[in-house]
Amino acid sequence: MRDVRVAVVPSEGADFEIRETTIADPGPHEVLVRIVATGLCHTDVAVKDGDLPAQYPEVLGHEGAGIVEAVGEHVTHVEPGDPVVLSYGSCGHCRTCRRGDPAYCAHFEAYNFGNERQGGEDDVLGDGLHAAFFQQSSFATFAIAHERNTVKVPDDVDLALLGPLGCGVQTGCGAVLRSLRPPAGSTLAVWGVGTVGLSAVMGAKISGCARIVAIDVQPERLEMAKSLGATDVFDASDDDVVEQIQEALGRPLEFAVECSGRPDAASQAFESLGQMGVLAVVGAPPGGTEYSFDANDLILKGVRIVGVVEGEAEVRSFIPELIELHRQGRFPFDKLVTRFDFDDINEAVEKMGSGDVIKPVLEAWWNDDITVHVNPTGKFEV
């Protein structure tokens, strides 16, 4: 065990509190990671506020990036000193995991929202804190991750920037590149251009879509979408936005991605599609939210509606692919990021909620006197 500082949600709707406690040693298939930075995601806030399953007091954080501190005896793909990004948990044994679809793991809720430690029997943290959120709980100075959700990344990139690749960024881009797979020349629209939606816009540009439409209520988000590849932008609050889109394109849409988690947006996206169009539902609304679609439109037009979790990404291959696209200048997700000191986590939550920032990243706050560098062997050291 070692000492660790964590950001705790003590009860439903409460602000984060910084506390000190202890963290367990990694189990045989686990990895202990010294956290350098963690992205703040709307899912964290939804759990904090009780809109998604929670166990209080809870340590959240599921877009962690850091340096491997120690590994369990059966871990072979990373070793101490390796830079890593942490993503979602999966079992590796169920039917969907075995066929290569770990985002739809039969144990997804238990391993990501249920705080069920996958690689050990003891509690991850002391003091009765729940801390196996997405198999990482990375709002902390150290985190225990499982080998399956630990991704080794290149050592010549800004590690503090990479955490959001583990969830929000891969979700939006993967919805396009992995789930929809639009052919070059297609038309695709995105409802809700926050982190996930803007990542979908970038994915559509990478795919070679001819018309990329962004729909939101915030003008500055729409301007950002245009800078990242959107060819057309529309105000979602307009009653006739569906007609505006189809008139601008001269035909109905082929693909739509709903990222806002709003029933009205999902209806707009569905209505905008033409024959054999495909709607990817990505936004995560509060539990119990229902979407409604006209059954005859669904049947007679041959429209397909698909839910997408984590961009349907197999993280050990997809996250390095996104890093390479960023290195090539084709995936500038860094433009979404605003950096905060970790002690300012509640300010980051407020600014994300108000729309002042798109993707907050909470940077290394565990010791201002420690710097990270690459030693002559290529390993990260602190």
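Arginine 117 is buried, and glutamate 30 is buried as well, and I start with these two residues because, in this predicted model, their side chains meet in a salt bridge, with 2.5 Å from N to O. As for where the partners sit, arginine 117 belongs to the loop between helix 3 (108-112) and strand 7 (142-146), while glutamate 30 belongs to strand 3 (residues 30-39), so this contact ties together parts of the chain that are 87 residues apart in sequence.

Let me turn to a second pair, arginine 339 and aspartate 158, which also form a salt bridge, their closest N and O atoms lying 2.6 Å apart. Here too distant parts of the chain are linked, since arginine 339 is in strand 15 (residues 337-341) and aspartate 158 is in the loop between strand 8 (150-152) and helix 4 (168-180), with the two positions 181 residues apart in the numbering. Are these residues buried or exposed? Arginine 339 comes out as partly exposed, at a relative accessible area of 39%, and aspartate 158, at 37% relative accessibility, also counts as partly exposed.

The third pair is arginine 262 with aspartate 264, a salt bridge in which the closest N and O atoms are 3.0 Å apart. Arginine 262 has a relative accessible area of 48% and is therefore partly exposed, and aspartate 264, with 40%, is partly exposed too.

Finally, beyond these pairs, Arg2, Arg34 and Glu69 are joined in a network of salt bridges, and a search over the whole structure gives 18 salt bridges.

Note on methods. Residues are numbered from 1 along each chain as its sequence is written. This is a predicted model: local features need pLDDT of at least 70, side-chain atom pairs count only at pLDDT 80 or more; totals for chains, interfaces and linings use all residues. Side-chain values use heavy atoms; hydrogens and water are left out. A salt bridge is a side-chain nitrogen of Lys or Arg within 4 Å of a carboxyl oxygen of Asp or Glu. Helices (H or I, at least four residues) and strands (E, at least two) are DSSP runs, numbered from the N terminus. Buried means under 20% relative accessible area, exposed over 50%, partly exposed in between (1.4 Å probe, protein chains only).
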